[in-house]
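Take a look at the model below. Some questions and answers on its fold and packing come after it.

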Amino acid sequence: MGKKEIAEQLHIKHHLFINYIDSLNEKDFVETPNQKWSAGQQMDHIYRVVKPLVQALQLPHFVLKLLFGKANRASKTYEDLVNKYLQKLENGGTATGRFVPKEISINQKESLIKKLQQVVEKLISQVNKLSEKDLDNLIMPHPLLGKITLREMMYFTIYHVEHHQEITKRNLNAS
């Protein structure tokens, strides 16, 4: 997947997620079915994942290289990256630390939607500034996947929001 398609998929997948969460009534937005995250918490989690990614991409490239090094292998395909992530989840991987959402009330819905929309637009803007070479040469750490290329991080970000939309739907259907 090239840079242009990555930017498009980031926009499409996040837009679908935001629209889905926005369509939920108050009960479905705040309900925590079977002690799982509420839809609002799912959205907060996505925001908590995308925001530091944007912050890292705003750093000069030489700083990213100093902090994390550079790639010593080719980027995985989208499918291979998703499979690796799913394997990590199957082996017990979960969100930790700053990526775990707080309790979210219905009063936070509108502002959280706006914050997520804004941070996703910033992410897309940052992706558009990268070259194809940057996507494959620059790396950063992922809490479950280790050091991955920026291309792989964008693949993860595309899949991750879709994954959490499906989890939210499944949780609400089970309640």
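The turns below go from overall fold to single residues.

This is a predicted model, in which local features need pLDDT of at least 70, side-chain atom pairs count only at pLDDT 80 or more, and totals for chains, interfaces and linings use all residues. Residues are numbered from 1 along each chain as its sequence is written, and side-chain values use heavy atoms, with hydrogens and water left out.

Q: In what order do the elements of the protein run from the N terminus on?
A: Helices (H or I, at least four residues) and strands (E, at least two) are DSSP runs, numbered from the N terminus. The protein has eight helices and two strands. The order is α-α-α-α-α-α-α-β-β-α.

Q: What radius of gyration does the protein have, set against a compact globule?
A: The C-alpha trace spans about 45 × 35 × 25 Å along its principal axes. The globule rule is 2.2 Å times the number of residues to the power 0.38, with the radius taken over C-alpha atoms. For 175 residues a compact globule would come near 16 Å, so the protein agrees, with 16 Å.

Q: What share of the contacts with a separation of 6 or more comes from residues 24 or more positions apart?
A: Contact means heavy atoms within 4.5 Å. Of the contacts in the protein with a separation of 6 or more, the share from residues 24 or more positions apart is 82%.

Q: How is α3 oriented relative to α8: roughly parallel or roughly antiparallel?
A: Two packed helices are described by the angle between their axes and the distance between the axes. Axes are lines fitted to C-alpha atoms, for helices over the stretch in contact, and angles run from 0 to 180 degrees between N-to-C directions. The axes of α3 (residues 39-57) and α8 (residues 150-174) come within 9 Å and cross at roughly 170 degrees. Angles over 145 degrees count as roughly antiparallel, so α3 is to α8 roughly antiparallel.

Q: How many charged residues does the contact of α3 with α8 have?
A: Residues in this contact include I46, V49 and V50 of α3 and M153, M154 and F156 of α8. Ala, Val, Leu, Ile, Met, Phe, Trp, Tyr, Cys and Pro count as nonpolar, Asp, Glu, Lys and Arg as charged, and the others, Gly among them, as polar. The contact has 12 nonpolar and seven polar residues, and the number of charged ones is no residues at all, or none.

Q: Which element gives the most to the largest nonpolar core?
A: A nonpolar core is a set of buried Ala, Val, Leu, Ile, Met, Phe, Trp, Tyr and Cys residues joined through side-chain atoms within 4.5 Å. The largest has 51 residues, and L116, L123 and M154 have the most contacts inside it. Elements giving two or more residues include α1 (3-23), α6 (109-129) and α8. With 10 residues, the top giver is α3.

Q: Is H14 buried or exposed?
A: H14 lies in helix α1. Beyond four places in sequence, H14 is in contact with I46, V50, V120, T157 and V161. Buried means under 20% relative accessible area, exposed over 50%, partly exposed in between (1.4 Å probe, protein chains only). At 1% relative accessibility, H14 is therefore buried.

Q: What is the phi of Q35 near?
A: Q35 sits in the loop between α2 (26-30) and α3. Q35 is exposed, with a relative accessible area of 75%. Most residues other than glycine have a negative phi. The phi of Q35 is positive, near 60 degrees.

Key
Parallel < 35°, antiparallel > 145°, perpendicular 65-115°, else oblique.
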